[in-house]
Amino acid sequence: MGPWGKRSDMVVHEREPFNAEPPRAALAEQRITPVDAFYSRNHGPVPRIDPARWRLRVDGLVEHPLELGLGELRDRFEEVEAAATLQCAGNRRAGLAAVRAIPGEDPWGPCATGTARWTGARLRDVLAAAGLRPGAAHIAFSAPDVSALAEPPQPYGGSVPVGKALGAEVLLAWAMDGQPLPRAHGAPLRAVVPGWIGARSVKWLTAVTALSEPSDNYFQATSYHLLPAGTDPGRAAPGSGIPLGPIALNCDILRPDDGARLPAGPVRITGYAFAGEDRTVARVDVSLDRGRSWCQAALDEAENPWVWQHWRTTLELPPGETEITARAWDSTGALMPESPAQLWNPKGYANNAWARIRVTAR
Ligand SMILES: Nc1nc2c(c(=O)[nH]1)N[C@H]1C(S)=C(S)[C@@H](COP(=O)(O)O)O[C@H]1N2
Ligand SMILES: [Mo]
């Protein structure tokens with residue numbers, strides 16, 4: 001077993017803070033990702049929290065500020081269990097870094113994403129108990145893990161607009177796949193904001209605060225913004241660029257592996273696709289000739305927009321080297337963009353260019 005209870009074959013981008021994703025095959029053809037294969041994305045050291053002393057504060061623009069222990073939270077609010085996919089805004093950054101270097105950011109492959117069954121209370125039920133006051137437009141999440149990467153160093157945080165926070169899908173979760181949250185995934189309580197970049201699913205949650213403006217935390221106001229290609233991210237003023245929220249339509253290939261050597265002949269090709277926010281994936285195309293011709297993969301039915309859809313097809317692999325390309329269309333008819341070059345941005349977020357791997361057949 002590797003660090004933090006993960007499989008020993010995780011691709012570890014950094015040990016401290018711990019940042020790791022599984023190999024492609026570990027995610028293949030499984031709707032629910034085993035916890036030991038679930039990516040881990042951290043901006044600072046994993047905090048050690050004494051669950052007996054831990055409290056959640058609900059404050060800011062609310063009628064009745066609350067302070068809840070885990071037992072009270074569980075007793076007072078309806079328990080919900082729901083599957084939801086998390087996906088990091090840096091997922092597939094390696095494809096952008098291949099276009100132009102992205103210094104200071106980990107070169108995540110396609111597996112900084114995963115799906116778990118989360119158990120918790122609906123954020124909207126907790127907000128209803130506190131009573132939002134007029135003017136409450138954003139819900140901020142606070143955590144105790146201090147990130148030295150922030151300018152200035154500060155605890156991790158973020159926010160979502162009230163409209164998203166009141167969605168029935170947004171949870172304050174204490175369990176993952178029926179087990180208490182593992183420490184690395186946010187014990188004792190984390191936000192789960194399905195359909196939005198993973199950065200908003202704040203771990204080790206200590207406060208939920210109703211605000212008139214988005215959180216001024218570095219990870220909301222400055223980081224996780226899409227900057228124009230010419231910008232120096234070290235000098236970008238807080239608030240500049242496009243703040244990332246809803247996830248962009250994306251997909252990647254999970255089997256075969258990039259660089260695999262295979263026998264020529266029929267090859268089963270599988271992967272995931274995820275549309276983000278309230279959209280679902282409507283079609284996945286696969287090509288063996290770099291997009292000159294396409295065939296449609298069989299696609300999982302969308303049970304709801306919050307869970308990824310896996311897809312699969314079997315194609316005849318010719319001898320020699322082949323590039324396998326995959327692309328997804330969503331329920332609005334939108335298609336993933338073809339090239340990562342046009343998507344390149346200085347922090348390397350939101351790469352949703354067509355997925356490509358190379359295999360060699362004999
Ligand atoms: N407190 C805290 N919450 C956090 C982070 C963090 O560093 N600290 N990382 C965020 C990011 S960028 C992502 S993608 C997800 C990753 O969740 P996971 O590590 O459980 O997979 O957690 C988010 N929540
Ligand atoms: Mo992330």
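**An open sheet and the protein around it**

Let me begin with one open sheet of five strands, in which the order runs β17-β24-β23-β19-β20 and the pairing is mixed. At its edges are β17, covering residues 261-262, and β20, covering residues 295-296, and each of these pairs on one side only. Please keep in mind as we go that this is a predicted model.

Staying with the edge strand β17, we can ask which way β17 and strand β24 run relative to each other, parallel or antiparallel? They run parallel, and two bridges join β17 to β24, which is made of residues 355-361. Within this pairing, L262 stands opposite A361 in β24.

Stepping back to the protein, its secondary structure comes to five helices and 24 strands. The C-alpha trace spans about 65 × 45 × 40 Å along its principal axes. The radius of gyration is 21 Å, and this agrees with a compact globule, because a globule with 362 residues would have a value near 21 Å.

How many of the 362 residues, as a percentage, count as buried? The figure is 55%. As for the contacts between residues at least 6 apart in sequence, 72% of them join residues that are at least 24 apart.

Finally, let me turn to the surface and the charges. The protein exposes about 14,900 Å², and carbon and sulfur atoms supply 51% of that area. There are 38 positive and 40 negative side chains, and the centres of these two sets lie 3 Å apart.

How values were computed:
Residues numbered from 1 in each chain as written. Chains lettered and ligands numbered in written order. Predicted model: local features only at pLDDT ≥ 70, side-chain atom pairs only at ≥ 80, totals over all residues. Heavy atoms only, no water. Pairing = 2+ DSSP bridges. Helix = DSSP H or I, 4+ residues; strand = E, 2+ residues; numbered from the N terminus. Rg over C-alpha atoms; globule rule 2.2 N^0.38 Å. Buried < 20%, exposed > 50% of the residue type's maximum accessible area, 1.4 Å probe, protein only. Contact = heavy atoms within 4.5 Å. Areas by Shrake-Rupley, 256 points an atom, 1.4 Å probe, with all protein chains shown as cover. Lys, Arg positive; Asp, Glu negative; His and termini not counted. Charge placed at Lys NZ, Arg CZ, Asp CG, Glu CD.
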